[in-house]
Structure formats: C-alpha cells, structure tokens
Amino acid sequence: MKKFTLIIAVVLVSLVSLAQKPEYLQTMGETLGQFANCQSVADFQDLGNKFEMIANAETSEWLPMYYHAQCYILMSFIEQGDAAIKDSYLDVAEKSVNKLMEMVPGEPEVFVLQAFYLTGRLVVNPMERGQEYGGLVGQATDKALAIDISNPRAKLMKLQMDMGSAPYMGLDPKSFCPAAKELLASWDNFKPKSPLHPNWGKDQAEGIVKGCQ
Amino acid sequence: MKQFLFTGIILLLALTAMSQTVITGKVTRENGEPLPGANIYLQGTYDGTSSNHKGEFKLKTAKTGPGIIQIGFISYEPYTKPVELKSDTIRLNVKLKEAFNQLSAVTITAGTFEASDKKQAVTITPLDMMTTAGAAGDVYGALQSLPGTTINGESGRLFVKGGDSQESQTYIDGSLVSVPYSSSAPNIATRGRFNPFMFKGTIFSTGGYSAEYGQALSSVLLLNTNDMPAEDQLDLSFLSVGVEFAGTKKWNNGAITGTLTYNNLGPYMSLAPQNYDWPHTPESTTGALSVRQKTGETGLFKFYSSFNKDGFTVRQDDLDRSGIPVDYKLSNDNQFMNASWNSKLGEKWAMNAAGSFTNNQDDIHFGQTSVVRRIQGLYLKNVFIYPFSDKFTLKFGGEFFSKAYSQNVQMTSEIHDNSFTNHTFSGFTEAQVYASSKFVTRIGGRVEYSEYLDRFTFSPRLSTAYKVTGKSQFSVAYGWFYQNPVDDYLLYTNQIKPERADHYTFSFQSSANSRTIRAELYFKDYKDLVKLNGEEFYLPTNYNNDGSGYAKGLDLFWRDKKTIKNGDYWISYSYLDTKRDYRNFPEEAVPTFASKHNLSVVYKHWIGSIRSYPGANFRYSSPRVYNDPNSPVFNSRKMLPYKSLDLSWSFLYRQNIILYGAVTNVLDFKNEFGQRYSDNPDSNGNYRGKAIQPSSNQFYVLACFITLTRKGNANQLEKIE
C-alpha cells in the first residue's frame with residue numbers, strides 16, 4: 001500500500017514537473033542513458049559537454065552540474081597522460097562541486113560527489129597526496145553519512161578509501177570484504193528521489209566484492 | 001501514459017524540425033590545430049554539440065530570433081558570439097585562446113627549489129625533505145642532497161653555491177630566524193633547531209631570490225608551518241636519543257599544540273664508538289607551544305613559541321699546550337617566538353604580517369677562559385599584495401630588524417666586553433607580470449638602511465621565465481644582494497660597509513610523466529668583502545672592504561618517480577669553481593668550505609607486502625682544501641673526499657605505530673675534515689696539527705612513533721614515510 005502511494009506520488013510529481021520542463025526531463029533522461037556507452041576520455045568529454053549545456057539552460061537545477069562534474073572526475077581516472085592533464089580535468093570538476101555546495105547545501109549526494117572528486121585528486125599522486133586527501137575524503141563522506149546514514153555511495157566512497165589506504169595503515173584490504181558484501185546486499189534498499197537523481201555505484205560495489213573472492 | 005507523452009514529444013520535434021538554422025564550422029587552437037571535444041551550444045537552450053576529431057561541428061536549431069553561441073574547452077578561454085537565427089546556415093570557424101592560469105603558467109625556477117604539491121614545476125616535496133636517508137630528521141641535512149649545496153661534515157650548516165654558511169638565511173612563516181642552528185663546539189656538526197615535521201612547505205632558493213628577502217648573500221630557506229591540524233591527537237615519539245610528547249586540541253576555528261622534547265645522547269654514546277670524549281654528553285630540553293586561529297573568511301593567525309635549554313662538555317686536545325686535553329663546556333638558552341597573520345583585505349588586497357623574537361645565550365668555558373655570547377633579535381615585516389589582474393601582481397612591504405649582540409670574554413688576567421646593536425630598516429617593491437602563460441617577468445628593488453653602519457644599500461632584482469613547450473622552460477635571474485658583515489667583526493668596528501654579491505643564474509627545467517630534469521649555470525660576483533689585516537682583530541682600523549671573490553658552477557638534477565614501480569630516485573650533481581679573498585686570507589684562494597664536485601643519489605622504495613619504506617642515500621664530495629700554517633702556500637692541503645652511504649627503514653607495525661631505523665655511513669668510509677693546528681709554533685717553529693674527525697664514523701637511530709586519535713586511524717606516516 002505504502003509503495004503504491006509512493007508510486008502515485010512520484011508519478012504525480014513527475015507529471016507536474018514534466019508539464020513544466022518536458023525538454024529538461026527528456027534531455028536529462030537521454031543524456032544519462034549515454035553513460036553506459038561511454039568508455040574513452042573523449043566520450044565522457046562529449047557527455048560532460050551536454051550536461052554543461054543543460055546546466056546552462058536550467059540554472060535552478062543542480063543535477064546537470066552534478067553529472068557534469070562526475071564526467072570530468074571519471075575522465076581523470078581514465079586519462080593515461082600526465083598528472084597535469086588529470087589535474088586540469090579535476091580543476092573543472094572542482095568548480096562545479098563548489099557551485100553545487102552553494103546551490104544545494106546539505107545535499108548528501110553533493111558531499112558524495114565531493115568525496116569522489118577528492119579521491120580523483122588523491123589518485124593522481126597517492127604517495128604525495130594520500131595523507132592530506134585521504135583525510136578530506138573521510139570528512140566529506142562523514143558529512144554525507146551524517147545527513148543520510150543509508151546513502152550507499154557515501155559508504156562506497158568510504159570503503160574504497162579504507163581499502164586503498166589499508167596497505168599504508170598496516171591493514172589487510174580484505175578485512176573490509178564483509179562490509180563490502182553487506183553494502184552490495186543492501187544496495188537496492190536505497191531509492192533515489194527521482195529517476196534523474198544519482199543512482200550509480202552498484203557496479204563498483206560488485207567489482208569490490210568480486211575482488212574479495 | 002508514457003507512450004502517449006513520447007508520441008507527443010516526437011510530434012513536437014517533428015513540427016519544429018520544419019524550420020531549422022544550421023550552425024557549422026571548425027574549432028581550432030591558435031596555431032590551427034583542431035580541437036576535438038569542444039562544447040558548442042546555444043546559450044540557454046538544449047541545442048548543442050561537441051566538435052569531432054577534426055574539430056568540426058554541426059549544430060541544428062529550431063530556435064529563431066537572436067541567440068548566443070557559446071564555445072568552450074578545458075583550459076581555453078570561452079568564446080561567445082551573438083547571432084541572428086533565421087533558418088539559414090551560419091558558418092563559424094573559431095580559434096580558441098589558451099586561458100591564463102597562474103597555476104599552470106610558467107614559473108620562475110632559476111635558483112629555486114619549491115616544495116609544494118600544487119605547483120607543476122615541483123622537484124622536491126616537503127615529504128622528501130623528511131624522508132631522505134641520512135638527513136636524520138634535520139631540515140638542513142635533507143637540503144644537502146640537493147644541487148648547489150656542499151657538505152661540510154665538521155659544520156652541518158648550509159653552504160650554497162660557493163657561499164659561506166653565514167650567507168644563508170632561514171625564514172619561518174615570513175620572519176627571519178636569527179639563530180637557526182643549535183650551538184655546538186668548534187669542528188663538531190650542528191643541527192637545525194626546528195623539527196622538520198612542523199613544516200608543510202619549503203622553498204629553497206639558491207640564488208636570484210625575490211626583493212622581499214635581504215641580508216643574505218647566497219641563499220634563503222623559506223619554511224612554512226602547518227596550517228590547521230585535522231583533529232585532536234596525541235603523538236608519542238621514542239627515539240634512541242630522546243623522547244617527545246605532543247598533544248593537539250582543536251576547536252572550531254583554531255587549534256593548540258603543546259610539545260615537550262627531551263634528548264640525551266648519553267645512553268647512545270656509551271654504546272656506539274665515539275671519536276671524542278664527552279664528560280657531559282649532549283642533552284637538551286625543549287618546550288614549544290603552537291596556536292592556529294582562523295580570522296574571518298580568509299585569515300589565518302599562527303603563533304609559535306619555544307624554550308630550549310641544552311648543554312654538553314666535550315674534551316679536546318689543547319694543541320698549544322702539547323696536546324693536554326681541555327674540556328669545552330657549553331650551555332645554551334634559547335627562546336624563540338614567531339607570529340604571522342595572513343589575510344585578505346577586501347576583495348583584492350592581501351596582507352602578510354609577520355614577526356619574530358629571539359633571545360639566545362651561550363655560556364662557554366674552556367681551560368681558563370669563559371665566554372658569554374648573547375644575541376637578541378627582533379624582526380617585524382608587513383607585506384601588501386595587490387593583483388591588478390590575473391597577469392599583473394604588485395607586492396610591496398617594509399621590514400624592521402633589530403639585533404643586539406654582546407660578547408664577554410674572561411681570561412686569567414683580562415676581561416673583554418664588546419657589544420653592538422644594529423637596527424636595519426628596509427623597504428621593497430616587486431611586480432610580477434605575465435606577458436602570456438608562457439612568459440613571466442618579476443622585477444623589483446629593495447632599499448636597506450643599517451643604523452649601526454650608517455649605510456644605505458639598493459638592490460635591484462630581476463628574473464624571468466619562458467616556457468618553450470608544455471613541459472620545458474628556461475629561466476634567468478639577476479640581482480644584487482647585500483649583507484652586513486659577520487657579527488664577530490661588527491663587535492669591533494662599524495667603519496665597514498655591507499658585503500655584496502651579484503648573481504647571474506640561467507636554468508633549464510623539463511618535467512613530464514613524473515620525471516624532472518634540471519640544469520643550472522650560475523656566476524656570482526662577490527664585492528666589498530670584509531678583510532682583516534694583521535693579527536689585531538680588536539683594532540677597527542684593521543678592517544676594510546677590499547675583499548672580493550667569485551663562484552661559478554653547474555648544478556644538475558634528475559628525478560624519476562616513474563621508471564621503477566613503487567620506486568623513486570633522484571641524482572643531484574654540482575660542479576663548483578670558486579675563489580675569494582676575504583677575512584684573513586693573504587691572497588685570493590679557494591675557501592675551505594668549497595668542494596669542486598658534489599654528488600648525491602637518493603633512492604626510496606615502497607614494499608607493500610611487508611609495509612615497509614626503505615631508503616638509501618649516497619653522497620660524495622670531492623676533497624676540500626685546508627690551511628696548514630707549516631706550508632708556505634695558503635689553503636694548499638687537501639682533505640679526504642667525503643663519502644657516505646646512508647640507509648633508513650620505516651615499518652608500519654600497526655596502523656598507528658611506526659618503527660623506524662636509520663644508519664649513516666654503513667660502509668664505514670673514513671671521513672676526515674682536514675687538520676686543526678696550534679695557534680703558536682713550538683720551539684722548532686712547527687705548528688702542531690691534529691686531524692678533525694666527525695664525532696662518530698657512523699650514527700644509528702631507532703625510533704617508535706605512536707599516534708593516538710579518537711578515531712584511531714591516523715599515524716605519523718607523513719613523518720618518515
């Protein structure tokens with residue numbers, strides 16, 4: 001019954017907003033659909049371009065800017081070149097993350113994105129940035145979890161950081177495997193606010209669990 | 001429902017497709033190369049596209065009327081163009097201009113080793129400073145594995161590009177440190193006073209530095225202390241030579257750290273063989289307090305204060321009394337305070353205010369002689385920075401430095417009391433101008449007035465850098481540098497002028513893929529060096545500024561963090577050719593502290609499987625000269641070359657416990673720093689000599705670092721990784 005009401009509510013809400021912004025919802029839906037096809041830096045660059053365009057057209061929506069930043073963070077992970085190039089992608093992501101912090105203060109997904117962005121900075125040079133950025137990632141995920149204890153992406157960010165830094169902390173990365181399995185098992189309990197809201201990360205969680213075996 | 005909507009949209013699209021404007025063209029860099037992936041869209045609409053691999057794009061829009069085309073790409077200045085959309089085809093070929101970004105723009109590298117993670121032109125990070133084997137936790141020790149420095153094992157101080165150790169100055173958070181080194185006995189190496197873990201960033205300039213810094217002929221070392229700590233914590237350090245306890249308490253906008261350190265080399269020296277007798281082994285107690293407070297949106301106030309007491313007695317042979325051992329006893333009291341406040345003033349203006357105070361007293365007894373030496377230094381500085389634009393920044397400021405130095409010598413029948421006080425007033429201004437992201441010029445000047453000497457000096461400074469490619473750049477620096485004569489001379493006379501060195505530095509640096517290569521050629525022209533004629537050092541008339549000298553050389557640096565997985569190494573080599581005529585030199589000669597070839601090879605490797613970070617450092621310094629009064633030629637004898645292979649090992653026992661061990665000179669090379677001689681000849685007319693040895697051939701240290709936090713996951717890895 002409850003679920004049914006929820007569906008009705010969601011449909012109603014989407015209908016209302018659809019009536020207002022059909023183009024927004026449709027373009028966002030399509031563009032999000034392209035995430036699955038992106039592999040190269042250039043692919044994500046094109047996708048990021050689209051989100052930038054949407055963000056520019058819909059200045060009151062935070063989701064386009066969110067995905068814009070995410071594209072650039074992902075680019076920094078895929079890029080094979082110099083640290084300077086990776087950092088230039090992250091410079092772009094940083095601007096969007098900072099704007100989002102002002103636009104929707106207290107949105108847990110934005111803190112997750114911030115943690116993701118900081119992880120990107122760390123990965124560019126773990127030896128030199130590990131200590132500083134590791135702490136910053138922890139602070140960002142803590143903020144996300146303080147607002148929404150059930151957010152699986154915040155837990156994922158935390159888990160990845162813990163496992164990544166485990167060898168430097170004198171711990172076995174596999175000691176986090178039970179937590180990873182638990183996270184994956186409960187992943188679908190989290191329901192995003194709308195089909196456009198962040199809903200990524202399950203693949204990564206699956207990857208971690210696979211690596212545990 | 002969904003289907004219905006979908007059909008509706010299709011219908012809508014079909015309708016609008018009837019009247020379309022096509023915008024087509026190509027996006028290129030300024031040199032004509034295509035820019036793929038550029039973002040092209042009509043502002044405020046959903047009509048956009050990306051350029052393809054040829055830089056070409058085609059954008060269709062059903063909109064009509066006025067519109068604005070936006071074209072953008074990372075690190076390029078965005079392009080906007082208003083257009084009239086009237087269902088025709090608009091052709092647009094756009095050259096995007098590279099955006100100016102100070103962080104990725106060219107930086108002045110001549111003479112400078114900057115240790116900061118943010119800058120691209122980085123060669124040595126703060127972490128490296130701490131983790132270099134053989135440095136034994138000494139800031140100055142770590143710097144001696146960089147090019148441009150010469151190792152002087154009997155001194156431990158910094159000798160840069162043919163300059164004497166007094167020619168280098170140390171600044172902490174913008175303030176001059178009057179007494180940066182611990183007190184030691186003649187021919188026994190000293191260490192820096194400050195714990196390297198206090199600092200987050202280091203700039204080591206071996207020449208051609210900014211007009212902000214004066215009173216240094218050879219180099220400045222700029223140390224920046226840590227900002228706000230992350231959380232409350234307690235650090236316990238147990239070393240084979242002492243213990244340290246540090247506690248940090250954090251609040252919303254501030255934090256306080258208290259540190260207590262006690263070192264005693266006694267137990268260690270009784271186990272490891274020593275070259276000298278120590279009736280009282282070196283012992284020191286330090287208490288320090290550090291406060292951090294954020295002020296407003298952008299400001300940060302830092303305060304550091306330390307109280308230090310140390311002492312020792314070492315037995316040395318009195319060569320003037322047929323080698324009878326005499327005890328050299330030293331006790332030192334040092335109080336140091338340092339404060340800084342950095343803040344923005346309004347939208348653009350920024351201000352850095354800094355000040356330091358030092359009170360340092362040495363009490364020395366040897367034989368029938370007692371010496372009390374006291375330095376009091378007060379330093380105040382205020383710098384204003386105004387960016388007229390991204391490309392043009394103006395910096396100016398003023399400085400006041402007061403130094404009081406006194407020396408009281410009591411011998412069996414005589415007492416000598418000498419002292420002087422000098423106030424130095426300085427002002428400087430400097431402009432940094434970027435002609436483009438490839439070319440930067442820094443031009444400035446500095447005026448100093450020394451009250452005691454009653455002299456004005458003016459020092460012009462100029463440096464530029466030009467980026468040849470994205471990875472490589474040339475940099476040139478030129479300037480005049482003045483410094484007051486050494487304190488020991490100023491005790492007896494103020495009828496001399498500041499000494500001068502002109503620097504000419506030409507450097508090339510290329511960095512790509514975690515590899516850096518650097519080559520630097522320099523020439524230093526020393527003028528007005530103070531000379532002392534005759535034995536009567538107490539006669540003011542015996543001093544003049546007739547000395548001069550030169551230093552020229554080549555510094556090479558290669559660092560590679562890529563080739564060996566989990567490995568990181570650097571090689572540093574310096575060639576130095578220098579001569580000078582100063583102090584009591586009878587003629588122009590190579591000074592004792594200069595060595596022609598200096599080599600340092602540093603290697604570090606992370607071994608994940610055993611959670612260890614071992615490191616090695618090999619250093620070689622070609623034979624230096626020393627003076628033998630029995631020889632007719634001045635500074636004509638050669639010492640042994642200096643050779644040392646140093647190893648260190650860090651092991652992560654638990655996540656908050658680190659074990660650390662290090663040993664210097666594992667291969668037990670024989671190192672000797674020439675000879676010292678009696679002041680007076682014996683009955684046969686011979687001066688009695690004795691080899692100067694290091695206080696021990698090898699040095700071992702074992703340590704355990706424990707960090708306690710509420711969360712329990714921090715460690716002091718940063719310290720010794």
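I began with domain bounds, which come from an automatic or database domain assignment; for chain A this gives domain 1 (21–104) and domain 2 (106–184). I noted that this is a predicted model, in which local features need pLDDT of at least 70, side-chain atom pairs count only at pLDDT 80 or more, and totals for chains, interfaces and linings use all residues. Residues are numbered from 1 along each chain as its sequence is written, while chains are lettered from A and ligands numbered from 1 in the order in which they are written.

I then looked up how the two domains of chain A meet: their C-alpha centres lie 21 Å apart. Their contact (C-beta atoms, placed from the backbone, within 7 Å) takes 16 residues from domain 1 of chain A and 12 residues from domain 2 of chain A. On the domain 1 side, the largest share, nine residues, comes from helix 5 of chain A (helices are DSSP runs of H or I, at least four residues, and strands runs of E, at least two, numbered from the N terminus).

Next I checked the largest nonpolar core, a set of buried Ala, Val, Leu, Ile, Met, Phe, Trp, Tyr and Cys residues joined through C-beta atoms within 7 Å, where buried requires 20 or more other C-beta atoms within 10 Å of a residue's own. Of its 61 residues, those touching the most other members include A69(A), Y72(A) and Y117(A), and helix 4 (residues 63–78) of chain A gives the most, with 10 residues.

Finally I turned to the two chains, whose contact takes 32 residues from chain B and 29 residues from chain A; strand 34 of chain B supplies the largest share of the chain B side, three residues.

Notes:
A residue is buried if 20 or more other C-beta atoms lie within 10 Å of its own, exposed if 12 or fewer, and partly exposed in between; C-beta atoms are placed from the backbone.
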